Protein chains: 2
Amino acid sequence: MGGDPAPRGDFAVLTDADLAAFREILGDDNVRTDARSLDACNEDWMRKYRGNAGVLLLPARTSQVSAILRHCNARGLAVVPQGGNTGLVGGGVPVHDEIVLGMRRMNAVLSVDPVAGTVVCEAGCVLEDLEHALNARGMTAPLDLGAKGRCQIGGNVSTNAGGLRLVRHGSLHGSVLGLEVVTADGTVLDLVRTLRKDNTGYDLKQLFIGAEGTLGVVTKVAMLAPRKPTGVDVAVCAVGSFADAVAALRDARTKLGDCLQAFEFFDRASLELVLSTLRGARDPLPKTKAPFYVVTETAVFGDGSGKGSVTHRAARRRVRAWVRSLRKRGVAIDGVVGEDAKHASALWNLRERISVALKHAGAVYKYDVSLPTERMYDLVVETRNRLAASTSASTSTSTSASTSAASTSFDASKVSVLGYGHLGDGNLHLNVSSPDGYHPGLEAILEPFVYQWTAEQRGSISAEHGVGAMKPRELAHSKDEASIEAMRRVKEVFDPRGILNPYKVLPPRLTEHRSKL
Amino acid sequence: MGGDPAPRGDFAVLTDADLAAFREILGDDNVRTDARSLDACNEDWMRKYRGNAGVLLLPARTSQVSAILRHCNARGLAVVPQGGNTGLVGGGVPVHDEIVLGMRRMNAVLSVDPVAGTVVCEAGCVLEDLEHALNARGMTAPLDLGAKGRCQIGGNVSTNAGGLRLVRHGSLHGSVLGLEVVTADGTVLDLVRTLRKDNTGYDLKQLFIGAEGTLGVVTKVAMLAPRKPTGVDVAVCAVGSFADAVAALRDARTKLGDCLQAFEFFDRASLELVLSTLRGARDPLPKTKAPFYVVTETAVFGDGSGKGSVTHRAARRRVRAWVRSLRKRGVAIDGVVGEDAKHASALWNLRERISVALKHAGAVYKYDVSLPTERMYDLVVETRNRLAASTSASTSTSTSASTSAASTSFDASKVSVLGYGHLGDGNLHLNVSSPDGYHPGLEAILEPFVYQWTAEQRGSISAEHGVGAMKPRELAHSKDEASIEAMRRVKEVFDPRGILNPYKVLPPRLTEHRSKL
């Protein structure tokens with residue numbers, strides 16, 4: 001959790017006059033101060049981060065966002081932009097009494113161009129709604145993630161969401177074509193373009209992709225919308241070791257490279273949790289109790305006309321041949337290819353719903369790291385070892401004064417360490433499930449160990465979840481001081497008073513003495 | 001050409017003491033003041049832009065780049081970083097007496113990782129050399145362009161080069177994973193990562209992609225290196241109208257979408273020029289004199305093992321079936337698929353060497369714009385119309401005092417207007433060939449018309465060539481004032497004294513009074 005929350009900054013306190021000004025801009029209905037609205041926006045979905053905002057503002061137009069920020073900037077009121085509130089690092093909820101700017105009313109799909117393969121929508125558009133709008137035109141969004149039913153595209157952009165199909169579509173830095181952003185003083189930057197190429201000056205929009213709302217509020221998004229596949233195949237293979245999972249990835253790149261959409265993995269502990277927690281989940285390969293499973297998704301785009309296009313039947317044959325060949329060569333122990341859409345979706349759910357299963361199980365420490373592919377799972381093993389060592393230490397020396405209270409007062413036997421994630425992207429989700437709740441002693445075993453270990457591999461301490469309120473003080477594990485200082489200077493350009501999502505992303509300067517860039 | 005060059009800024013003048021300092025850093029050999037070295041680095045390859053640098057510096061290490069910039073920043077000496085000097089907008093040559101920082105000695109490929117699909121190299125690495133190094137490991141660079149034999153990867157990144165395979169690989173904003181950059185005061189930003197995902201703070205490297213050396217000098221590049229196709233097929237189809245070219249694109253996306261690498265077009269005038277200018281060039285479809293031609297490149301990645309992978313033979317059959325179906329449906333008049341690698345390369349050359357043919361023909365006004373796909377060619381037609389109108393006007397009123405000297409003193413009958421480019425990316429190259437040389441009267445017909453017309457379609461006045469010295473004053477056609485002001489503030493963060501590639505990219509502020517962001 002990154003230690004104690006940052007102390008409240010020197011921001012103004014919300015007054016009745018401020019509320020009156022907001023009502024003037026938004027109308028009474030969209031300035032919410034009732035307990036229910038505030039409860040919902042003050043806490044994240046994991047119930048790990050909780051703030052104390054006194055008002056939730058719900059703008060419907062860019063001009064209203066601009067007017068709100070102009071007011072807040074002039075008054076020195078801090079603001080946290082909030083999308084679907086599905087973030088995992090506390091980036092979208094207040095830390096203290098920041099005003100919450102909820103984007104959900106700005107949810108229109110503004111234009112879809114099937115020829116150019118582009119879409120423009122408002123930031124509050126729910127990802128799944130956008131996906132449906134695009135599907136109706138034979139297109140698909142360039143990202144997909146478990147939270148799609150609630151997360152908003154503005155939040156996706158602001159956190160540079162990765163998700164399940166980055167293997168195919170690449171990162172949002174490539175697929176976002178344009179943004180409209182309101183910066184701290186209410187300035188509207190119109191960077192909305194649907195052009196695939198535009199080299200006219202600095203690509204400013206890139207700064208807001210992944211800035212977690214600390215540089216500006218994203219209000220509109222233009223992005224590539226690829227063609228929707230005409231068929232999709234999902235295969236799950238059981239493998240005997242993590243090295244075999246990596247071998248399967250390498251083989252898939254060679255054999256299926258042109259149609260591979262996703263390459264995921266999970267370990268046995270993840271599967272067991274899903275099977276025991278989620279209704280209807282079934283072991284995909286009940287004859288095998290394998291330590292690891294890999295999931296591939298392949299797509300076919302042909303219209304089946306035979307006029308140069310590939311049929312889904314031919315594509316599925318190809319996937320089946322690949323799975324057979326993996327087994328024959330001993331890379332996989334067993335494998336299954338989804339028979340139809342329902343079966344394929346059941347297979348996908350085993351991977352996609354791990355995080356829901358974890359939430360059902362109780363408190364969970366979530367780490368999201370990028371690592372060299374071959375070494376990815378070592379972090380899971382090392383974490384288990386640390387936990388085991390701490391248990392035996394606390395058992396064997398439980399009467400010793402040298403054992404800290406923290407390390408003895410949680411039941412390590414109930415804690416489980418799971419590894420799963422986006423193998424094709426080198427992105428591990430290390431999850432430590434603690435049904436008895438969050439505990440400082442457990443946290444002390446995990447942090448800063450996980451960050452330090454990741455830094456030693458020159459990995460990233462946040463692959464896709466972002467920094468939020470969880471990791472500003474850990475940023476130095478992934479970025480050098482010159483780069484962090486450059487980020488602070490960029491922040492000053494767009495938000496000189498620091499009102500936008502304070503306490504997030506950037507660590508406070510160690511000294512007031514500003515170092516040279 | 002964007003009018004008169006900007007007046008020289010208030011920079012220091014190079015002294016013997018500066019040269020001595022540079023010799024201290026680089027050794028005598030790498031501080032070049034001889035006429036031959038200076039001639040080569042002062043002029044661009046089109047001979048359109050010429051500066052007056054007094055020294056060419058050739059660093060071999062990042063620490064030397066840092067020491068040079070620290071010295072220049074302290075002294076207030078202006079610097080222009082130069083790669084292969086293949087730019088088209090004068091971005092890589094001095095305007096006045098800026099010091100030229102040549103990157104060619106920093107040309108090492110530092111690491112190649114076939115499993116992760118990544119490469120790290122120094123900025124001065126020639127693109128074709130990098131491509132060969134990657135090919136040897138079964139990989140390919142995520143970009144390809146006509147100038148590959150001379151252009152350097154640092155220049156590619158600094159100009160956000162697009163090139164021929166953007167349809168497949170997307171833009172460098174997606175495929176560059178990390179950069180090392182030296183900012184104006186010599187600070188080294190180590191943003192070199194080979195991770196596919198890294199959400200730790202602002203993605204600063206993105207700012208330097210396409211900044212044309214005005215924010216920092218790129219010294220190292222880490223990027224995705226996709227698998228090299230095991231087979232490639234090139235097809236050229238003759239179509240009866242630009243609308244049919246667009247229809248063919250739409251059809252290719254549907255039928256060949258998963259293996260399409262490039263979708264290009266050229267008009268009859270471009271083909272005629274290539275046929276008449278370049279030795280060995282032959283009409284690919286001699287029975288047809290079509291107004292437009294489209295070029296597709298498709299790739300196959302299977303290893304031909306039959307274990308789930310596609311064979312090249314099957315892939316070529318697919319392309320042939322597609323071309324046949326285009327003809328049957330009347331979308332194409334005629335078509336040819338390359339029989340073998342040599343034939344395929346001859347077909348590609350027809351498109352790829354248009355710009356070389358243009359250079360052979362003499363002076364050429366080059367415009368590189370992004371436009372809505374369907375309207376792309378209208379700009380070529382409109383430009384021809386303007387030229388014709390000016391000719392008839394100058395002929396019919398040649399004795400009238402109202403005809404300016406400029407408009408009468410070039411022979412419009414010798415001027416030809418060509419259109420070709422990256423149809424799949426909505427990127428038109430409008431080229432106006434003027435064998436008699438550059439002429440203000442001709443330029444007045446073309447500019448600002450081309451920029452204004454493009455702005456009216458909400459296009460980009462620079463799709464991939466950049467702004468350089470050619471278009472700073474035209475930037476407002478593509479970006480609003482708030483965005484341009486934000487760019488200026490970002491420039492101040494990384495280069496407060498403005499020593500890096502001055503007179504390029506950003507237009508001067510209209511007033512000294514700095515507007516609010």
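**Pairing, packing and salt bridges in a predicted model**

Tutor: In this predicted model, strand 2 (residues 56-57) and strand 4 (residues 99-102) of chain B pair in the parallel sense over two bridges.

Student: Why do strand 2 and strand 4 of chain B count as a pair?

Tutor: The definition asks for at least two bridges, and strand 2 and strand 4 of chain B have two bridges, so they pair. Leu56(B) stands opposite Val100(B) in strand 4 of chain B.

Student: Which helix packs on the sheet?

Tutor: Helix 3 (residues 62-75) of chain B does, touching strand 2, strand 3 and strand 4 of chain B. Its direction makes about 170° with that of strand 4 of chain B.

Student: What makes the contact of Arg193(A) and Asp190(A) a salt bridge?

Tutor: The N to O distance is 3.9 Å, and the limit is 4 Å; therefore the pair qualifies.

Student: Why is Arg193(A) called buried, and how is Asp190(A) classed?

Tutor: Arg193(A) has a relative accessible area of 9%, and buried means under 20%, so Arg193(A) is buried. Asp190(A), at 24%, counts as partly exposed because that class lies between 20% and 50%.

Student: How do you know that Lys205(B) and Asp203(B) form a salt bridge, and are they buried or exposed?

Tutor: Their side chains meet at 2.9 Å, N to O, which is within 4 Å. Lys205(B), at 11%, and Asp203(B), at 13%, are under 20% and therefore buried.

Technical notes:
Residues are numbered from 1 along each chain as its sequence is written. Chains are lettered from A and ligands numbered from 1 in the order in which they are written. This is a predicted model: local features need pLDDT of at least 70, side-chain atom pairs count only at pLDDT 80 or more; totals for chains, interfaces and linings use all residues. Side-chain values use heavy atoms; hydrogens and water are left out. Helices (H or I, at least four residues) and strands (E, at least two) are DSSP runs, numbered from the N terminus. Contact means heavy atoms within 4.5 Å. Axes are lines fitted to C-alpha atoms, for helices over the stretch in contact, and angles run from 0 to 180 degrees between N-to-C directions. Buried means under 20% relative accessible area, exposed over 50%, partly exposed in between (1.4 Å probe, protein chains only).
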